[in-house]
Structure formats: C-alpha cells, structure tokens
Amino acid sequence: MKNWVLFLLFSPFSFCAQEVNYHLPIEQNITNEYDNDLLDASFFAKNRQALRDSMPNNSVAVIFSNPIRNRSNDINYEYHQDPNFYYLTGLREPHAAIIIYKEEQEFKGNLKTNEILFLQKKDKKNEVWAGKRIGIIGAKEELGLATAMENESFLMFDNEYSKFDKVLIFEPREDVTNTPEKGDLYGLLQSFKLKTQDLTTIDLHKLPHILASLRQIKTEEEIRLLRKAIYITCEAQIELMKALKPNMTEYQSEAIVEYIFKKNGAEYTGFPSIMGGGENTCIIHYNTNRKKLTEKNLLISDIGAEYHSYTADVTRTLPVSGKFSEEEKLIYSLVLKAQQAGIDSCKVGNKFWAPHDAATRVIAEGLLKLGIIKKRYHVQKYFMHGTSHYLGLDVHDAGLNNELELGNVITVEPGIYIPEGSDCDPKWWNIGIRIEDDILITPLGPEILSEKAPRTIEEIEAMMKEESNFHN
Ligand SMILES: [Mn+2]
C-alpha cells in the first residue's frame with residue numbers, strides 16, 4: 001500500500017497498465033504486466049480441440065453465451081460470460097453461440113470448417129451505448145475462430161442437425177430478459193429449437209461432463225492467473241488485518257478489501273464478499289455486510305478477487321480487538337488443525353472427499369473433547385458444509401469430484417459455527433470460525449497458493465498490530 005501511494009505520487013503515468021507495479025515476488029513466477037497476463041487465442045483453440053477430442057464420433061456441440069440480466073428499468077446487471085462459453089471462445093459478449101463439430105464439415109459455397117461462432121454484428125449506433133463489439137472479423141483475427149457468422153444468418157444457415165448421431169448441448173437457458181429481436185440470444189435459441197425440434201439425439205449430460213473433466217485440470221496459463229488472483233486476495237486480507245479496528249462496520253471492511261482488489265487490477269469480485277461479524281460469523285453465505293463491529297466480535301472475511309476471469313477464494317477469521325479470547329483460541333486452533341489435516345490429504349490419487357473426511361474427523365474429535373458435542377455424528381450441527389470445491393473460472397468451479405489429479409486447484413475450508421442458543425455452554429455462543437486456503441495439487445504434494453495471508457493465531461495477532469494507510 002505505502003509503496004503504491006509513493007509510486008502514484010512520483011509517476012504521472014502510473015495509470016497506464018504497463019507502468020503498474022504489482023509488487024509480486026519473482027519466486028511466485030507471476031508476471032508484472034497486466035496485458036501480458038491476458039490469455040491469447042491459442043489457449044481457447046487448445047480448449048476447443050480438447051473438447052473435440054473427447055466428443056463422440058459424428059457429434060456436434062452447441063454452447064450459448066450467458067443472457068444479459070435486467071436489474072431494473074433500462075439498467076442491466078454487470079454482464080458475466082458463461083464460463084464454459086468463455087473457456088472455449090474467449091468472447092465476453094452476450095448474444096452468441098459456438099458450434100463445434102467433431103469432424104470437419106462441408107457446407108454450401110465450399111465452406112469447410114469444424115467450428116462456427118455466431119455473434120452480434122458490428123453496429124456503430126449500438127456500440128456508442130453498450131461498448132465495442134468484436135464482430136466477425138475480430139472473432140477470426142483476435143479470437144482465432146476458424147469461422148464466424150452473424151446471428152441473423154443462423155436460421156438460414158445450412159446445418160442439418162439430424163445428420164449427426166448426437167447433438168451435445170447444455171439445457172438452453174430461457175431466462176433471456178431482453179425483448180426478442182433479430183440478432184439477439186433469444187432469437188438464436190428460438191432458431192436453434194426450430195432446427196432441432198424433431199431430434200431425439202440431443203444429449204444434455206455429455207457436454208457438462210466433458211467440460212468439467214477438462215476445466216478441473218488447470219493449464220500453466222490458468223495457474224498463472226489463479227496465482228495472481230489469489231495473491232491479490234491475500235494482499236487484501238493482510239490490509240484488512242492491519243486496518244481492522246472496533247467500531248468499524250462490516251461494509252467498511254468490505255470497502256478496504258475491494259479497494260485492494262481493484263487497485264491491483266482485479267476487474268471484479270469472484271462472488272459477493274462475505275464480511276460477517278459477531279453473530280453473523282455463523283451465517284455461511286452472509287453478505288448483507290451492514291453491522292457495526294465491536295471489540296468482542298470475530299470477523300469472517302471470505303473473499304476472492306477475480307483477475308482476467310479467474311477467481312480466488314480465501315477466508316480468514318479475525319478478532320476485531322486484535323486479540324483472540326481463550327474460547328476463540330480453542331476453536332480457532334481446532335479449525336486450523338482440521339484444515340492442516342485436509343491440506344495434507346490433497347495428494348494425487350486421493351479421493352476428492354479425502355480432505356473433507358480428514359477435516360471432519362479432527363473437528364468431531366475436538367468438539368467431543370471440548371464437551372461441545374456428545375456424539376461424534378453431532379459434528380454436522382456445527383460444521384455443516386463441505387471442505388473443498390474446485391476453483392477457476394467459477395468460484396465453485398466445474399469438476400467431477402473424482403480423484404485428485406495434478407493441476408487441480410481446490411479450496412480447503414473447514415469451519416465451526418456455534419450460533420446463540422446452541423445446545424452447549426453459552427461461553428461458546430456466537431463463535432464462528434472458517435479458515436480457507438487455495439491448494440494446487442503438484443507432483444511434490446499440496447502447494448498452498450494463499451500462503452502469503454497469515455493463518456496462525458500468532459501470525460494474525462502480529463499482523464493486526466501493524467499500521468495501515470486506512471487508519472488516517
Ligand atoms: Mn470457498
């Protein structure tokens with residue numbers, strides 16, 4: 001933070017992307033250049049080929065972009081591309097579809113191709129309001145698609161779906177809110193339905209399965225982006241540790257975290273930031289973030305920066321006073337021990353559920369010892385969620401939950417939540433603690449990508465003594 005402020009003061013051009021210094025250590029193997037981090041067309045082409053390689057013979061896959069979602073009146077929600085569609089095309093525009101053929105096809109007019117992107121046509125008038133469109137030339141030149149066509153030609157396009165053994169699609173999403181008009185996603189879906197209405201060969205299961213199996217193994221370029229998203233998220237956790245003081249509100253802690261995200265080039269949050277203090281630590285997906293924090297409260301900060309479409313997911317639990325109470329220390333140590341057991345089981349060949357089983361065993365044992373539960377299976381009263389999910393383009397990323405493989409990135413995030421009124425000594429009430437790290441499965445075992453954010457009681461209390469620029 002301090003370095004960045006000085007940098008800003010002394011460099012009049014610091015707002016240029018190339019000039020931004022992210023303070024990333026070399027040992028993390030992260031580049032310093034925002035634009036250099038962009039995925040190039042070859043990444044998406046490789047993904048399309050990998051999909052094609054996994055498709056059955058004589059099949060065709062059809063994937064639609066996400067619809068625009070209306071917020072109110074003429075204002076839409078921030079657009080978010082469908083991750084599968086993005087993974088295969090790199091296109092962030094709505095109103096598009098990609099058709100991928102297993103084998104090269106021959107169409108009228110000597111057109112031979114194994115992929116066609118349908119997208120919105122360039123429209124100067126509209127682009128003034130809603131931003132630039134890539135158009136069919138851009139789709140070929142920038143995204144490297146073999147063939148691109150405008151949406152309006154979809155219905156006329158000579159594609160006999162009945163000649164394929166299998167048409168692989170995701171259930172087309174019907175929540176298209178825009179007024180149906182030529183060239184939009186609604187029109188594309190209707191045209192597609194018309195063309196395929198008599199088919200019995202539509203398969204809704206195969207495509208999600210293939211794409212999950214591909215997306216759960218991260219490539220080098222994906223790991224690079226995940227490292228960056230996670231690094232930025234750890235920076236935010238650290239700044240929050242320094243800045244957090246009694247009488248701050250949950251939304252002010254959220255503002256600090258999200259400031260650090262954007263300062264470092266993360267475009268979005270990967271999910272609504274969970275900043276839950278006191279009794280709100282016991283609400284798993286809390287994101288109201290309105291409460292004023294007191295020195296008696298714990299604060300759960302479950303956050304993730306999204307960087308070039310890849311999201312982090314890191315949770316820390318902090319004592320607002322800067323010091324954990326004796327009861328909080330006991331529960332914290334137990335969650336930490338469970339998390340370590342989970343991380344230790346993140347090894348190639350282990351079942352996806354191995355970290356959860358390991359963490360659950362430790363928590364059950366510990367809660368029994370503390371007298372908080374009387375039977376081992378009561379553990380689910382206070383630890384009611386899973387320990388792991390894949391991480392990538394989605395915070396709860398696509399994956400098959402089979403065996404752990406090289407290149408998987410998963411979270412390990414056990415927790416204990418004891419709401420007021422629980423069937424145990426009231427001294428435990430309103431203690432909610434979750435610790436979450438992001439783990440890369442490597443040949444040498446688990447690598448904690450979020451290691452930079454202090455995790456032990458001693459490390460956290462020490463960091464909370466440090467000065468923050470937000471104190472002024
Ligand atoms: Mn998570």
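**Close-up views of a predicted model**

In strand S4, the residue that bridges to Phe64 is Ala97. That pair is a good way into this structure, which is a predicted model. The legends below go view by view.

**View 1. Strands S1 and S4 sit side by side in a sheet of 6 strands.** The pairing of S1 with S4 is antiparallel and runs over 5 bridges. Zoom out a little and you get an open sheet with the strand order S6-S5-S4-S1-S7-S8 and mixed pairing. Its edges are strand S6 (148–150) and strand S8 (202–203), each of which pairs on one side only.

**View 2. On the other side of S1 comes S7.** Here strand S1 (residues 59–64) lines up with strand S7 (residues 166–169) in the parallel sense, and 4 bridges hold the count. If you want one pair to look for, take Val62, whose bridge partner in S7 is Ile169. Helix H2 (residues 41–54) packs on this sheet too, where it touches S1, strand S4 (97–107) and strand S5 (111–119). The direction of H2 makes about 65° with that of S4.

**View 3. S4 and S5 make a hairpin.** Just 3 residues lie between the two strands, and Gly109 in the turn has a positive phi of about 75°. S4 and S5 run antiparallel, joined by 7 bridges. Along the way, Ile100 stands opposite Glu115 in S5. As a rule of thumb for looking at any such strand, side chains in a regular strand alternate between the two faces of the sheet.

**View 4. His95 has an unusual backbone angle just ahead of S4.** You'll find His95 in the loop between helix H3 (83–89) and S4. Its phi is near 55°, which is positive even though the residue is not a glycine. Most residues other than glycine have a negative phi. Is His95 buried or exposed? His95 is buried, because 24 other C-beta atoms lie within 10 Å and 20 or more is enough to count.

**View 5. Helix H2 meets helix H7.** Besides packing on the sheet, H2 packs against helix H7 (residues 206–215), at an angle of about 130° and with the axes 10 Å apart. That angle makes H2 oblique to H7. The crossing is right-handed. From H2, the contact uses Asn47, Ala50, Leu51 and Ser54, while H7 brings Ile210, Leu211 and Leu214. Sorted by class, the residues where H2 meets H7 are 5 nonpolar, 2 polar and no charged.

**View 6. A second sheet has 3 strands.** This open sheet has the order S9-S12-S13, with antiparallel pairing. Strand S9 (268–269) and S13 are at the edges with a single partner strand each, so one side of each has no neighbour in the sheet. Strand S12 (residues 305–307) and S13 run antiparallel and are joined by 2 bridges. Helix H8 (residues 220–243) lies across S12 and S13, at about 145° to S12.

**View 7. Thr311 sits in strand S13.** S13 covers residues 310–311, and Thr311 belongs to it. Which residue of S13 is the bridge partner of Glu306? The partner is Thr311. Thr311 is buried, with 26 other C-beta atoms within 10 Å. Leaving aside residues up to four places away in sequence, Thr311 touches Ala229, Gly270, Gly304, Glu306, Leu391 and Val395. Now look for Leu330: it is 19 residues from Thr311 in sequence, and the two C-alpha atoms are 31 Å apart in space.

**View 8. Leu330 takes us to the pair of helices H10 and H11.** The axes of helix H10 (residues 326–344) and helix H11 (residues 354–370) come within 7 Å and cross at roughly 155°. H10 and H11 are therefore roughly antiparallel to each other, and their crossing is right-handed. On the H10 side you can pick out Leu330, Leu334, Lys337, Ala338, Gln339, Ala341 and Gly342, which meet Pro355, Ala358, Ala359, Val362, Ile363, Gly366 and Leu370 in H11. By class, this contact has 10 nonpolar, 3 polar and 1 charged residues.

**View 9. Asn401 also has a positive phi.** Asn401 lies in the loop between helix H12 (379–382) and strand S15 (409–412). The phi of Asn401 is near 55°, and this residue is not a glycine. Asn401 counts as partly exposed, with 15 C-beta neighbours inside 10 Å.

Definitions and conventions: Residues numbered from 1 in each chain as written. Predicted model: local features only at pLDDT ≥ 70, side-chain atom pairs only at ≥ 80, totals over all residues. Axes fitted to C-alpha atoms, helices over the stretch in contact; angles between N-to-C directions. Parallel < 35°, antiparallel > 145°, perpendicular 65-115°, else oblique. Left-handed = near helix turned anticlockwise from the far one by under 90°. Contact = placed C-beta atoms within 7 Å. Nonpolar A, V, L, I, M, F, W, Y, C, P; charged D, E, K, R; others polar. Pairing = 2+ DSSP bridges. Buried ≥ 20, exposed ≤ 12 C-beta atoms within 10 Å, placed from the backbone.
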